[in-house]
Structures are given as C-alpha cells and as structure tokens.
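Student: I have a new structure open and would like to learn how to read it. Could you walk me through its features?

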Amino acid sequence: MVFSSASFLLFFLPCLLVCYFVVPRRMRGLRNLILLGFSLAFYTCGGPKFLLLMLLSIAINYACGRLAGPEHPLRVRKAGVLLACVLGLGLLGWFKYAGFFGEILHALAPVIPVPQVTLPIGISFFTFQGLSYVIDVYRCDAAVQKNPLKVALYISFFPQLVAGPIVRYTTVAAEIDARRESVEEFSAGAVRFLFGLGKKMLLANAVAEVADAAFAAASPSAAFAWLGAVAYTFQIYFDFSAYSDMAIGLGRMFGFHFLENFNYPYISRSITEFWRRWHISLSSWFRDYVYIPLGGSRCARGRQIRNLFVVWSLTGLWHGASWNFLAWGWWFLLLLIGEKFLWGRGLERLPRAVQHGYTMVLVLISWVLFRADTLGAAAAYLSAMFGGTGTVWDAQAVYYALEYLPELLACCAACLPVKQWLEQALSRRDTPVAGAVLVWAPKALAVALFVASYAKLVTGSFNPFIYFRF
C-alpha cells in the first residue's frame, strides 16, 4: 500500500482517523495502541509474510535497548549494542545482500548456489531506525524505553515505516508519551500531505514516463538521452521528497514532528552542499553513527579518506545490492574528496551560475548510474549523452520534450524555494490582505492539488514508487 493509492486515501486513512480521534485525548495509551495496530496492518498489506520479521526487529531492539541502558555494567551495555548491530545488520544483510554476494561466489565457484531471497519492504529504513535507538541509549543520548509497545510504535509507525525519513528516537520520544493534537496541527499536516501527494501524482509520475522511455531506448540520440536523464533527476527528487512530505504531514496530523528530509537540494552550488540538503536523515545517520566514530575529519588526511570511503561504500550498498549502487557511492566519494582537498576553494571563487551548473551536471551523471540496470547499461547511456550513438536529435526527443514541457517547467519551478520567497514577500507587506493570503492560499492550493491528484489516480495513471525497493 502506498500513500498515493485509492486504498490508502479512501479506506485506510479515514478508518484510522475515525478510530484514533474518537478516543479521548486523555487516553494516550489507547491512541498509541490504535496507531501501532494500524501501522502493523499497513506493513502487512505490503508483505504479510514479513510481519514476523518486523516483530523480530522490534523485539531485538527492545531487548538490546534494555541491555544498553546506563543501569548495567559497561560490558553488558557494549554487549547490548554489539548484539543489536550483529542481529539487525545480519537480518538486513541476508535479505538485501545474500543474492548479490551469492552471485559473486557463484561466478568464482559455480557449485555454490545463488540464494533466492525476497526483499522485505522498508527493511533498510526500520533497521537503521532501530539501531539508532539502541546506540543512543548506550550513549545516554536517549532514555531506555521500558514499554515494548512504545518501542514497537516508534519502529513501526506507518508514515515513515517503508521509505523514511529515518526518524531518531530522540526526535519523537517525548511525543510518544505526551503529544498534543490540535486542529491547527492537523490542518498543517494535511496541507503538507496534500502538497506531497501533488508532487508525486502530478510531477514525479509524469516525468517518470519520459525517463522510462529514454532509458528503455536501444540507441537514444544525445538530446533524448539528456532529456531522459533530466527527467529522472526530477523524478527521483519529487518521488522521494513527496513521500517524505506525506510522511511528515501524516505524522503532524497525529501530533508527531519529524525533521525535514530535503531542503531544496537542486539549488546547491557544490556536491558537499548537495549532500547537506539531500536525504538529510540518511546522511546525518551515517555521519553520526559511522563517520564520526571512525574519526571523522579530526585525523590525518589518509584516515579521513579511509573514513569517507567506508561511509560512501556503505551509502551505495544501503541503496541496493549491485555494482551500480557501489559505483554511485564511489562517484560521490571522488567528488567529495576533490572538493575537500583539491578544487573546493577554487570552486568557491567561481560565479554562482557556474557553481550551480557544475553541481547539477555531476548530480545528473550520478542519477544515470543510479537508474541504469547494470554498469554496462550506465556506460552505454552516458556514451549516448555525449554523442556516442552518432545522433544528436531524433523524433522521440522532440515528441517527449513538447508533450511533457508543462510538467518539466513545473518541475524546474518546484525545485526552487518559491514558497519561501512568496511567504517572505507577503510577510514584509504586513497588511490584512497579505495575512489572509498567507493563511488561506496554501490550504486552497492543497485542495486543488488533491482534486487534480485524485483525478489522475482514478483514471489509473502511471503510479510507480522508486524507494519501495530500498
């Protein structure tokens, strides 16, 4: 079940809202149980046989969190963290990487069979979330949660369960026990959800058709290859950031406040800045739980490079078990090392437009590595972008450029912080009309986006979702 499906919008969410808000606010425990029950049901809809895996993950992190608490001797606390890492990452490794490494071993020794393992939805997200809880307890950054149902709610809460953002326990611990829902918070959450729904249905889904056509072409022209790469660059941003918007909005409707996961990454003027703005919850997770413990930047240059290599190898593998994702991680590794030690200062002295162009071209190339099925396919596609097929223009490039021009232009505008600019301009006016526009315009636009999105939905439009495979 996805947030942009009729079953979620017309059945699951309305039933949850009725069951949740019919319970008096003072009965916080019952409201939490309702959220937990619906969250487990939500996950079951995506893969019933993996519900036991989810429950096992919850049990592991609850038990290891208890062991990691400050009331135990240090050796017991360390054992709790080690056990959580071994079991949690062991499960993730088996389900996500057994096939990948099995293929490598099979190529070396054909007698070794390749395991056929189905990837559970969202396992990368809820595994990292559970580990962050245990590690934070060990570090005394978070209090031990002695109620297993509250740990279960934290790990399985449906808005961020299958595609993030990766929510730290410290972010929501107080709100699990004591949060205050209100009409204002519910309204703000609903608006945020509907904006995300609009981004997904009206922008991501439209440009996905251009990207799919270009990457499926046997011998695309240079123009069509570039158009497809640009379309995929828009698709992955609006697809994933839309899901984060919807997750943040849903959380707020129930009184939870998740941190932002995207901050207009396509306005960045360096790769370093891009990764401060893109998938913030993942990059901060690796920073806090891998990079800094390895020594971070407070060590010799060689060790810094080693630390970056470990982080970006893991970041690539986190996204998927294939050489493509490793190459994607190493691509960013080389660029970040270059900016840190070689050309970063020179880049800062260039005009802003040049900095932005440099960043977007390199990011666009990275998405080709990310999108292609194999390294060979990625190399062939990049070759086509730079004239490898010998054709500059073709009819497909012209057709898709003209057919999807409105959506492509809308994507360009939506990548910019237009909302912030308008809010600042209206705030400076400080008039009743400006105040009314600030309050009511987002709500009216959210309703319009919902109507347009629902129209797309009921017509059975193309509705993929990229990040379910992670």
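Tutor: Gladly! Let us begin with cavities: a cavity is a set of grid points where a 1.4 Å probe fits but cannot get out. Rolling a probe the size of a water molecule over the atoms shows where empty space is left. Keep in mind that this is a predicted model.

Student: How many cavities of 30 Å³ or more does the count come to?

Tutor: The count comes to 4. The largest cavity has a volume of about 80 Å³, and the second largest has about 60 Å³.

Student: Which elements give two or more residues to the lining of the largest cavity?

Tutor: Those are helix 3 (51-67), helix 4 (74-108) and helix 5 (123-138). Among the lining residues are L53, I60, G88, F126 and L131. By class, the lining has 7 nonpolar, 4 polar and no charged residues.

Student: And what lines the second largest cavity?

Tutor: Its lining includes Q129, Y154, F157, V172 and F258. Helix 6 (148-156) and helix 7 (169-177) each give two or more residues to this lining. Here the classes are 8 nonpolar, 2 polar and no charged.

Student: Let us turn to the surface. Which residues make the nonpolar patch?

Tutor: L10, V447, F450, V451, Y454 and V458 make a nonpolar surface patch of about 520 Å². Helix 20 (residues 432-458) gives the most to the patch, with 5 residues.

Student: Why can F450 be part of such a patch?

Tutor: Patch residues need over 30% relative accessible area. F450, in helix 20, has a relative accessible area of 31%, so it passes that cut-off and counts as partly exposed.

Student: Now for charged pairs. How many salt bridges does a search of the whole structure find?

Tutor: It finds 14. A good one to look at joins the side chains of R192 and D245, at 2.9 Å from N to O. R192 is in helix 8 (residues 183-216) and D245 in helix 9 (residues 222-253), 53 residues apart.

Student: Which other residue forms a salt bridge with D245?

Tutor: K199 does, with the closest N and O atoms 2.7 Å apart. K199 lies in helix 8 and D245 in helix 9, so this pair ties together parts that are 46 residues apart in sequence.

Student: Are these three residues buried or partly exposed?

Tutor: D245 is buried, at 11% relative accessible area, and K199 counts as buried at 17%. R192 is partly exposed, at 23%.

Conventions
Residues are numbered from 1 along each chain as its sequence is written. This is a predicted model: local features need pLDDT of at least 70, side-chain atom pairs count only at pLDDT 80 or more; totals for chains, interfaces and linings use all residues. Side-chain values use heavy atoms; hydrogens and water are left out. On a 1 Å grid over the protein atoms alone, a cavity is a set of points where a 1.4 Å probe fits but cannot get out, and a pocket is an open set with protein on both sides within 12 Å along at least five of seven lines; lining residues have an atom within 4 Å of a point. Grid points are joined across faces, edges and corners, and a volume is the space filled by probe spheres set on the points. Helices (H or I, at least four residues) and strands (E, at least two) are DSSP runs, numbered from the N terminus. Ala, Val, Leu, Ile, Met, Phe, Trp, Tyr, Cys and Pro count as nonpolar, Asp, Glu, Lys and Arg as charged, and the others, Gly among them, as polar. Patches are made of residues with over 30% relative accessible area and no salt bridge: like charges are joined within 9 Å, nonpolar side chains (Val, Leu, Ile, Met, Phe, Trp, Tyr) within 5 Å. Accessible areas come from the Shrake-Rupley method with a 1.4 Å probe; for residues, only the protein chains shown count as cover. A salt bridge is a side-chain nitrogen of Lys or Arg within 4 Å of a carboxyl oxygen of Asp or Glu. Buried means under 20% relative accessible area, exposed over 50%, partly exposed in between (1.4 Å probe, protein chains only).
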